[in-house]
Amino acid sequence: MVVGAGMVGAACAYFCAEAGLDVAVVDRGAIAGRTTSGGEGNILVSDKEPGAELDLALYSVRRWAELGERFGPGGFELEHKGGVVVARAPEAAAGLAKLAAEQRDSGVDAIDVSPAELAGLEPNLTREVCGGAYYPQDMQVQPMLAAAELLRQARRRGATVHTGTEVLAFRHSGGRVAGVETSAGPLTAQWVVNAGGTWGGEIAALAGAPVPVLPRRGFVLVTEPLPVVVRHKVYTADYVANVASGDEGLETSVVVEGTRAGTVLVGASRERVGFDRTFSLPVVRKLAAQAIGLFPFLAEVALLRAYLGFRPYCADHLPVLGEDPRVPGLVHACGHEGAGIGLSAGTGRLVAQVVSGARPDLDLSPFRPDRFEEVA
């Protein structure tokens, strides 16, 4: 059983069904109706420093490529567009070059590019740049379409999906999980996967195995439809530092990308304000100003809307992934923060391996659910 019908839950359901397991998906809302609906669709290796998360990202990028070949890019709007990271100051350029070199040592295809080469990659980019890096492995997907398609494929393999169904409690038998009590009645299961996204901490607490997953709010701006004016996912070098930061206060670092529909998406902000859904005009203005600084033509472009979402944040910036030793039969797949879309395909495959008794392709110990007790 998978609790959560967002992108991560959909990937877990798909790969478990593909492995021949009986799968039920439960969500108190709609498919992709919460965390996933507030995402941009990033599938990135470029923003990750060497370590366990980058290893998972590289693994997941390969799984996304396989899914794209299997089902075609149309169902997901999967685009192998590549990422461009821009340094606008000499010290930022030096730091980016160092990071790119370290990433190459870890298996990332990271190409140093000069200001002139940046202009070739992105003709509409500001010329006030000192250098950058190009990451061909970066991709983009339409997350709600992808989640819906993977669940559709899981259903074709026998999975059931129960939306509008809230998990109220866990059932136990013989010292392990035996299913859940829901608003629609009891459901039995030998394994329960916690793919609750930003609400993964609540699901874990119900099971008696708490994990500190917290919401981190972010805004995204959407422009009017345009011709192809931004070719890649483009962001400034300080984005990596902001992703790795644990500060509660507001942080913004511009990310700009086009979509198949012609709109341009502008992010990204981060702030820990609980589940406060209040619209923040100052944050939107700051993101817009940063985007114009990167792509000056945007000053003359109209915004259609802005939306917000909550990223499932863990203090060490690693997801919670794998079977929980405190509650046998409970498997976590949550806490991916802003990388959940990109990491979902790899997460789903690894969860399926855990549940089916196979040896996971990656060492899951850095992501183990009980690691937070060591620093409590």
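This short talk walks through strand 19, its partners, and a few backbone and packing details in a predicted model.

Let's start with strand 19. It spans residues 330-334. How many of its residues are buried? The count is 5 of 5, so to speak a strand that is mostly covered, by the definition of under 20% relative accessible area.

Now the side chains. In a regular strand, side chains alternate between the two faces of the sheet. Here is how that looks in this strand. Leu330, His332 and Cys334 point one way. Val331 and Ala333 point the other way. Both sets are buried.

Next, the neighbours. Which way does strand 12 run against strand 19, parallel or antiparallel? Strand 12, residues 192-194, runs parallel to strand 19, and 3 bridges join them. One pair to look at: Val192 has Leu330 as its bridge partner. Leu330 is also one of the residues on the Leu330, His332 and Cys334 side.

Then strand 18, residues 320-323. Strand 18 pairs with strand 19 in the antiparallel sense, over 4 bridges. Leu321 has Ala333 as its bridge partner there. The two strands form a hairpin with 6 residues between them. Within that hairpin, look at Gly329. Gly329 takes a positive phi near 95°.

On to the backbone outliers. Most residues other than glycine have a negative phi, and most peptide bonds are trans. Three places to check, then.

His317 comes up before strand 18. His317 sits in the loop between strand 17, residues 303-313, and strand 18. Phi of His317 is positive, near 65°. His317 is buried at 18% relative accessible area, because the cut-off is under 20%.

Glu337 comes after strand 19. The loop holding Glu337 leads from strand 19 to helix 9, residues 340-356. Phi of Glu337 is also positive, near 55°. Is Glu337 buried or exposed? Glu337 is buried, with a relative accessible area of 9%.

The last of these is a peptide bond. From Gly267 to Ala268 the bond is cis, with omega near 0°. Ala268 belongs to strand 16, residues 264-270.

Finally, Phe15. Phe15 is in helix 1, residues 7-18. Its relative accessible area is 2%, so Phe15 counts as buried. What does Phe15 touch, leaving out residues up to four places away in sequence? The contacts are Leu67, Ala345, Gly348, Arg349 and Ala352. One long-range pair as well: Phe15 and Gln153 are 138 residues apart in sequence, yet 9.8 Å apart in space, C-alpha to C-alpha.

Methods
Residues are numbered from 1 along each chain as its sequence is written. This is a predicted model: local features need pLDDT of at least 70, side-chain atom pairs count only at pLDDT 80 or more; totals for chains, interfaces and linings use all residues. Side-chain values use heavy atoms; hydrogens and water are left out. Buried means under 20% relative accessible area, exposed over 50%, partly exposed in between (1.4 Å probe, protein chains only). Two strands pair if DSSP finds at least two bridges between them. Contact means heavy atoms within 4.5 Å.
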